Amino acid sequence: MYSYVGNIHLHSRYSDGEGTVQEIAQAAEMAALDFIIITDHYNLKARADEGFYGHLLVLAGMEINDEENHYLALDISEIVNNGPAQEVINAVNRQQGIGIIAHPDEKGSPLYDQHRSYKWNDWSVQGFQGIEVWNFLSQFKDEVTGILKGLYLLFFPQAALKGPCKETVARLDNYQRNNHRVFAFGGSDAHGIKIKLGPVTVVTISPYDFCCQCINTHIISEKKMTGEKENDQQIIYDALRQGRFWIGMDYYKSSRGFKFTIQAAEKTWWMGDTVPWQKGLHTEINTPQPARVKLVRDGRIIGESRGRVHRFPVNDRGVYRVEAYYRHLCGDRWWIFSNPLWVI
Ligand SMILES: [Zn+2]
Ligand SMILES: [Zn+2]
């Protein structure tokens, strides 16, 4: 399996971001990413800028939203207009796109944007492919609970990154437990908003270079990228469709090299796969550095392990995913959130 790392859900000057696609690509290249997906509000203008920037592949989707109900649409070629949530989802599906409910449980901050929060308010909807369980900008806003903390986080935004949103993860677990093939996405929501004093930029909110080092999307594929756009974008979108990816908080330690499989004597299944239950199944989980790994079945932690190699028996049917943390001074730090395998 080949593995590639990217960052998705970024805004450019084509909507409310401050950077051009070229500037964002430069930041992503500096972060050694393989791909990014720009998702401007209401438009697909960045599609004209798709292509390789050095080794980095830039792709573009869009974010469709009203005040609430933000929905990311990837791998589409025509603009989807805003409307009732289910109609938006259906319109993305008609183009065989990948639709993701973005930052659904955002709370907002009294000190940021007049306490606006861009939640998802219609859970009767069906047919979406993903839920964004970890969004940098949402978490940053939610953490700005006072003036001092806000000032601190402006200069040390990494301190806001506490892990995927618990409420959203509970929703996701519930969908997956009920056999919905809905996957966990992580997004930057980078806008690169510059706060200026006269001509001088004092600080930037959700800077592109920083965001490209944080909540990354690591895909796995049997196919190798070739540097040819059509081929490589297919590899990326196929992996996102099939759930063959994990979310890595790579700022302190890169999660490149992580692996989560379920194995039988002569067969290996990967994230997104459905495994026919049989005797002798076990997990094979590798972390690139020593880590504390939790194995979650049907939303409940059923095993914990420390080290680099983590083996658990798979004794029951259910949906299995992995969380990984590593030690730092003040305890464990969130690192990896995998997509699941279904054992049926
Ligand atoms: Zn949004
Ligand atoms: Zn956004």
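# Two zinc sites and the core around them

Asp189 is buried, with a relative accessible area of 6%. Here buried means under 20% relative accessible area, exposed means over 50%, and partly exposed lies in between (1.4 Å probe, protein chains only). The model is predicted, so local features need pLDDT of at least 70 and side-chain atom pairs count only at pLDDT 80 or more, while totals for chains, interfaces and linings use all residues. Residues are numbered from 1 along each chain as its sequence is written, chains are lettered from A and ligands numbered from 1 in the order in which they are written, and side-chain values use heavy atoms, with hydrogens and water left out.

## The zinc sites

Asp189 belongs to a metal site. The zinc ion (ligand 2) is held at 2.1 Å by His9 (NE2), His11 (NE2), Glu63 (OE) and Asp189 (OD). Donors are N, O and S atoms within 2.8 Å of the metal (3.2 Å for Na, K and Ca), and sites may look incomplete since water is not among the atoms. Along the chain, the donors of the zinc ion (ligand 2) are spaced as H-x1-H-x51-E-x125-D. The angles among its 4 donor atoms run from 81 to 172°, and the site of the zinc ion (ligand 2) is irregular. Four donors would be tetrahedral if all angles lay between 85 and 135 degrees; four would be square planar, and six octahedral, if opposite donors were over 155 degrees apart and all others between 65 and 115; anything else is irregular.

Which residue bridges the zinc ion (ligand 2) and the zinc ion (ligand 1)? Glu63 does, and the two ions lie 3.3 Å apart. The site of ligand 2 also joins distant parts of the chain: His11 is in the loop between β1 (2-10) and α1 (21-30), Asp189 is in the loop between β8 (183-187) and β9 (193-197), and 178 residues separate them. Helices (H or I, at least four residues) and strands (E, at least two) are DSSP runs, numbered from the N terminus.

For the zinc ion (ligand 1), the protein donors are Glu63 (OE), His70 (ND1) and His103 (NE2), at 2.0 to 2.2 Å. Their spacing along the chain is E-x6-H-x32-H.

His103 also has a neighbour in helix α3 (residues 136-143), where Ser138 lies. Leaving out residues up to four places away in sequence, Ser138 touches His103 and Glu106; contact means heavy atoms within 4.5 Å.

## Asn339 and its contacts

Asn339 sits in the loop between β19 (331-338) and β20 (341-343). A polar atom of the Asn339 side chain is 2.8 Å from the backbone nitrogen of Ala184. The same residue's side chain reaches the backbone oxygen of Phe245 at 3.1 Å. Such a polar contact is a pair of N or O atoms within 3.5 Å; within protein, one must be able to donate a hydrogen and the other to accept it, and residues adjacent in sequence count only if both atoms are side-chain atoms. With residues up to four places away in sequence not counted, Asn339 touches several others, including Gln176, Phe183, Gly243, Met271 and Arg321.

## Aromatic rings

How many aromatic pairs does the structure hold? There are 16. Rings of Phe, Tyr and Trp (its six-membered ring) pair if their centres lie within 6.5 Å; planes under 30 degrees apart are stacked, over 60 edge-to-face, and the rest tilted. Phe185 and Phe245 have ring centres 4.7 Å apart and planes at 50°, so this pair is tilted. It links distant parts of the chain, with Phe185 in strand β8 and Phe245 in strand β12 (residues 245-249), 60 residues apart. Tyr325 and Trp334 also form a tilted pair, with ring centres 4.6 Å apart and planes at 50°. Both Tyr325 and Trp334 are buried. Elsewhere, ring pairs join Tyr71, Trp120, Trp123, Phe128 and Tyr175 into a cluster.

Charges sit over two rings. The charged end of Arg292 is over the ring of Tyr325, 5.8 Å from its centre, and Arg333 is over the face of Tyr252, 3.6 Å from the ring centre. The test is that NZ of Lys or CZ of Arg is within 6 Å of the ring centre and within 35 degrees of the ring normal.

## Accessibility

Asp238, listed last in the table, is in helix α7 (residues 229-242). Its C-alpha atom is separated by 27 Å from that of Thr20, 218 residues away along the chain.

| Residue | Relative accessible area | Class |
|---|---|---|
| His11 | 0% | buried |
| Glu63 | 1% | buried |
| His70 | 5% | buried |
| Ser138 | 6% | buried |
| Phe185 | 1% | buried |
| Phe245 | 0% | buried |
| Asn339 | 0% | buried |
| Asp238 | 22% | partly exposed |
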